[in-house]
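Please look over the sequence and the model below before reading on. The report that follows takes up the ligand and its surroundings, then the nonpolar cores, and then a single histidine.

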Amino acid sequence: MEVVTPIKRKILLNPGPATTTDTVKYAQVVPDICPREQEFVEIMDGVRKDLVKVVHGDPQKYTAVLFTGSGTIIEDVLVNSLVPENKKICIVNNGAYSSRMVEIAEHYHIPCVDLQFPTTGLPDLDVLREALQKDRDIAVVATVHHETGTGVLNPVREIGKIAHDNDCVFVADTISTYGLIPIDIEADHIDFLMSSAQKGMAAMTGVSWTVGKTAEIEKSKEYPKRSYYCNLYMQYDFFERVGEMHFTPPVQVIYALRQAINEYFEEGEQARWERLTKCWEAIHKGLEEIGLESVIDKEIQGHLVVTVKAPEDEKFDFFKLHDYCYERGFTIYPGKMFGLKTFRLCNLGIITHKDIENFFVVAKEAFREMGYSLPLK
Ligand SMILES: *Cc1c(COP(=O)(O)O)cnc(C)c1O
């Protein structure tokens with residue numbers, strides 16, 4: 001595709017939306033089309049197949065179902081659609097996004113076993129094993145692959161194995177890892193995963209999806225219908241019969257996603273993962289030069305988010321730091337950890353370690369502007 005005018009490039013170091021390419025931005029500019037036309041149905045069909053391919057799913061066993069909305073909509077869909085009558089969902093909870101799934105379960109009055117663990121570490125899997133063995137009414141286990149609130153990477157493969165050993169369906173919120181960290185849906189014991197276009201695929205906000213086991217979706221036809229717009233089976237059934245979303249899709253957002261998927265395959269799974277790991281290493285190097293530390297142990301980070309311990313003294317002002325960087329094209333984000341002064345640096349988008357190095361030139365200036373001499377001691 002030919003790009004007409006380059007758009008000012010912003011480096012987003014917030015936890016999504018991510019920095020996108022101009023070709024993805026411009027892919028939205030298309031002639032008006034009614035999404036019920038065969039031309040659009042074919043685009044949707046190709047997108048669904050490719051979304052399964054990204055996580056190496058066998059198309060005979062897995063399918064993609066898309067919904068119009070931000071990432072939380074697909075958490076909502078899976079939590080409300082996959083728990084049979086009189087059964088429970090168990091949530092392995094060590095962060096803000098697992099807590100969100102607990103809240104969703106509560107809103108639908110779905111019995112929920114909330115296994116809480118400290119947000120700074122990994123969950124204790126013996127506790128999960130015991131919970132599943134003790135309570136045979138648990139039918140679904142859900143967790144978050146990468147807790148974007150902290151940067152902790154959870155062992156989904158092990159959690160999925162425990163879920164399957166106990167005859168539970170395993171749901172993983174992979175919204176901040178899909179298209180970033182290589183995922184093999186079957187080897188990782190995942191029955192349903194989640195993604196949202198503005199995160200790993202570096203497309204536009206407005207469409208989210210699950211890749212899940214077709215046989216389990218078919219079974220869920222008999223489960224209570226707790227939502228009208230957000231029911232998994234109803235949406236799947238419409239896709240299978242008619243080839244498109246039940247209600248109006250975000251047409252232009254889908255064109256951008258189509259382009260972003262092409263760019264994903266052009267870059268390649270491994271190359272993307274290596275590029276992002278280089279960004280993450282550059283973040284740690286920059287922090288070290290300033291004299292700042294990350295809250296989470298490096299060994300359990302997902303290479304996509306660093307939660308930074310902010311200086312404790314009076315001179316530090318997150319908003320000053322933010323505004324100084326923002327005016328120079330870099331967006332940083334506040335922390336999400338209770339009781340700790342933190343901020344986050346995330347590297348989800350189409351950026352390189354060079355961008356991170358440029359960011360740290362600016363960040364160092366901002367610290368000097370706040371009255372610090374570097375490195376901090
Ligand atoms: C971003 C994100 C979500 C969804 O957030 P939205 O603001 O609704 O897009 C859910 N889970 C995780 C792990 C995320 O990173």
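## Polar contacts to the ligand

In this predicted model, a polar side-chain atom of Thr 148 lies 2.5 Å from an oxygen atom of the ligand. Thr 72 also places a polar side-chain atom 2.5 Å from a ligand oxygen, and for Lys 199 the distance from a polar side-chain atom to an oxygen atom of the ligand is 2.7 Å. Taken alone, the ligand exposes 380 Å², and the protein buries 87% of that area.

## The shell around the ligand

Altogether 14 residues surround the ligand, and the closest of these are Ser 70, Thr 72, Thr 148, Asp 173 and Lys 199. By residue type, the shell divides into seven polar, four charged and three nonpolar residues. Two elements, helix H3 (72-81) and helix H4 (96-107), are those that give two or more residues to this shell.

## The nonpolar cores

The largest nonpolar core has 84 residues, and those with the most contacts inside it are Leu 66, Trp 209, Val 211 and Leu 257. Helix H9, which covers residues 251-267, supplies the largest share of this core with nine residues.

Which residues does Leu 66 contact, once its neighbours within four places in sequence are left aside? On the list are Val 47, Arg 48 and Leu 51, then Val 207, Ser 208 and Trp 209, and further along the chain Gln 235, Phe 239, Met 245, Ile 254 and Leu 257. Trp 209 and Leu 257 thus appear among the contacts of Leu 66, and they are also listed with it among the residues that have the most contacts inside the core. A second core, separate from this one, has 32 residues and includes Ala 282, Tyr 324, Phe 360 and Phe 367.

## His 164 and its surroundings

His 164 lies in helix H6, which runs over residues 156-165. Is this residue buried, partly exposed or exposed? His 164 counts as partly exposed because its relative accessible area is 26%, which falls between the limit of under 20% for buried and that of over 50% for exposed.

Not counting residues up to four places away in sequence, His 164 touches Phe 170, His 189, Asp 191 and Lys 213. With one of these, Asp 191, the contact is also polar, since the side chains of His 164 and Asp 191 are joined by a polar contact of 2.7 Å. Glu 222, by comparison, is 58 residues from His 164 along the chain, and the C-alpha atoms of these two residues are separated by 21 Å.

Notes
Residues are numbered from 1 along each chain as its sequence is written. This is a predicted model: local features need pLDDT of at least 70, side-chain atom pairs count only at pLDDT 80 or more; totals for chains, interfaces and linings use all residues. Side-chain values use heavy atoms; hydrogens and water are left out. A residue is near a molecule or strand if one of its heavy atoms lies within 4 Å of it. A polar contact is a pair of N or O atoms within 3.5 Å; within protein, one must be able to donate a hydrogen and the other to accept it, and residues adjacent in sequence count only if both atoms are side-chain atoms. Accessible areas come from the Shrake-Rupley method with a 1.4 Å probe; for residues, only the protein chains shown count as cover. Helices (H or I, at least four residues) and strands (E, at least two) are DSSP runs, numbered from the N terminus. Ala, Val, Leu, Ile, Met, Phe, Trp, Tyr, Cys and Pro count as nonpolar, Asp, Glu, Lys and Arg as charged, and the others, Gly among them, as polar. A nonpolar core is a set of buried Ala, Val, Leu, Ile, Met, Phe, Trp, Tyr and Cys residues joined through side-chain atoms within 4.5 Å. Buried means under 20% relative accessible area, exposed over 50%, partly exposed in between (1.4 Å probe, protein chains only). Contact means heavy atoms within 4.5 Å.
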